[in-house]
Amino acid sequence: MLDAPILVLVDLETTETEPAPTGPSLELLTAARGLTSGDVVALTLRPLDDAASAVLAGAGATRLLTADLGESAHLPATAADAVVAAVSTVAPAAVLVVSDYRGKELAGRAAVLLDSACVSDVTALETASSADGSVLRASKLVLSGSWSTTVSVGSGAGAPIVAVRPGIAEVAAAEGTALAAEPLDVPVSAEAAAVRLVSREATSVASGPALTEARTVVVGGRGVDGDFDLVRSLAEPLDAAVGATRVACDEGWIERSAQIGQTGETISPRLYIGLGVSGAVHHTSGIQGAGTVVAICDDSEAPIFEMADFGVVGDVTEVVPQLVEELAKLRG
């Protein structure tokens, strides 16, 4: 286990009242708590109320740094400047950020500014003993998910930046005591100041959890023949996100933001359910981090069955309604 602090950049979502930490950020705090005996320092780019601060503490944070960057907090370059400022204050062994588009961009910029290392799309973190003491090891999938690699991430000249995919840890429902926020002054670089946020809009393909954060994902492929109401009928009772293959998006059956695979989102749910999904490599490369894979397809030779933990050979229009009915019975 490390003995130096770990810094976690906490992403915030806007609720009806005050900003609140996102699920993936709470996972990072929980993961960090299991990696070090030192402080787990949460960095937020907007002030939080006591309730949100207590949530951070419950997830594993022991210190809270807060910078008030307003809307510019959404810009990767400005967020990278905040990370650099926090690193100089905390001197952490590593910095953890969520591995989304913004997170990977700011991780790369921060690593350059700190003259340190950067690893993105990490799926697992652990510590190991070495001749120089404990080191951090990061694992990730490469080559379209066909290989798993593990690298040792050393601090070197500066703290390494590790961008971690959602799903790395299960957040305990613990109650924490609100942390006293420590103000952080962030010198904004000329490059970051030259960019202005004109507008920002969150889009969703369906009600329910975000696709990359969901614990359960139901995916529609060519076999649903455009019937995404069928897909949603199964997703809703499972509180699952709705995803799609490239073919389904190309046909215009659902928004492009639902696409999973090489040219879409990469997901790591606990449960993946594919409906009419054949299992082409450009799709399955995006689901290699899934825990349990369930496939329902009428083609017994479909490649998806080679990676499925459970498979049903049958017509989705017949199997899914029966499954929904059984779920309703189980729920009483």
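How many salt bridges does the rule count in this predicted model? The count comes to 12, and the legends below visit some of them together with other close-ups.

**Figure 1. Two domains and the space between their centres.** Welcome to the overview: the domain assignment divides the protein into domain 1, residues 6-194, and domain 2, residues 216-331. Taken over C-alpha atoms, the centres of these domains are separated by 31 Å. Nine residues of domain 1 and nine residues of domain 2 take part in the contact.

**Figure 2. The interface of domain 1 and domain 2.** The size of an interface is often given as the accessible area lost when the parts come together. Here, about 700 Å² is buried between domain 1 and domain 2, with carbon and sulfur atoms giving 41% of that area. Two residue pairs are in polar contact across the interface, both at pLDDT 80 or more. On the side of domain 1 that touches domain 2, the residues sort into four nonpolar, three polar and two charged.

**Figure 3. A salt bridge between Arg270 and Glu170.** How many salt bridges are found between domain 1 and domain 2? The count is one. In this close-up, look for the side chains of Arg270 and Glu170, which meet in a salt bridge with an N to O distance of 2.9 Å.

**Figure 4. Glu27 paired with Arg215.** Another salt bridge joins Glu27 to Arg215, and their closest N and O atoms are 2.2 Å apart. Glu27 belongs to helix α1 (residues 23-33), while Arg215 sits in the loop between α5 (190-193) and β12 (216-220), so the pair ties together parts that are 188 residues apart in sequence.

**Figure 5. The surroundings of Arg102.** Which backbone oxygen does the side chain of Arg102 reach? The partner is the backbone oxygen of Ala73, at 2.9 Å. Arg102 itself is placed in helix α4, which spans residues 101-114. Leaving aside residues up to four places away in sequence, Arg102 touches Leu9, Asp11, Leu45, Ala73, His74, Pro76 and Ala79. Ala73 is therefore worth finding in both lists, as the residue whose backbone oxygen is reached and as one of those touched.

**Figure 6. The annotated span, residues 211-288.** The unreviewed UniProt entry annotates residues 211-288 as "domain: Electron transfer flavoprotein alpha subunit C-terminal". Between the end C-alpha atoms of this span the distance is 15 Å. Helix makes up 22% of residues 211-288 and strand 18%.

How values were computed: Residues are numbered from 1 along each chain as its sequence is written. This is a predicted model: local features need pLDDT of at least 70, side-chain atom pairs count only at pLDDT 80 or more; totals for chains, interfaces and linings use all residues. Side-chain values use heavy atoms; hydrogens and water are left out. Domain bounds come from an automatic or database domain assignment. Contact means heavy atoms within 4.5 Å. Buried area is the accessible area (1.4 Å probe) that two parts lose on being put together, summed over both. A salt bridge is a side-chain nitrogen of Lys or Arg within 4 Å of a carboxyl oxygen of Asp or Glu. A polar contact is a pair of N or O atoms within 3.5 Å; within protein, one must be able to donate a hydrogen and the other to accept it, and residues adjacent in sequence count only if both atoms are side-chain atoms. Ala, Val, Leu, Ile, Met, Phe, Trp, Tyr, Cys and Pro count as nonpolar, Asp, Glu, Lys and Arg as charged, and the others, Gly among them, as polar. Helices (H or I, at least four residues) and strands (E, at least two) are DSSP runs, numbered from the N terminus. UniProt positions are given in the numbering used here, feature names are shortened, and annotations may be inferred rather than shown by experiment.
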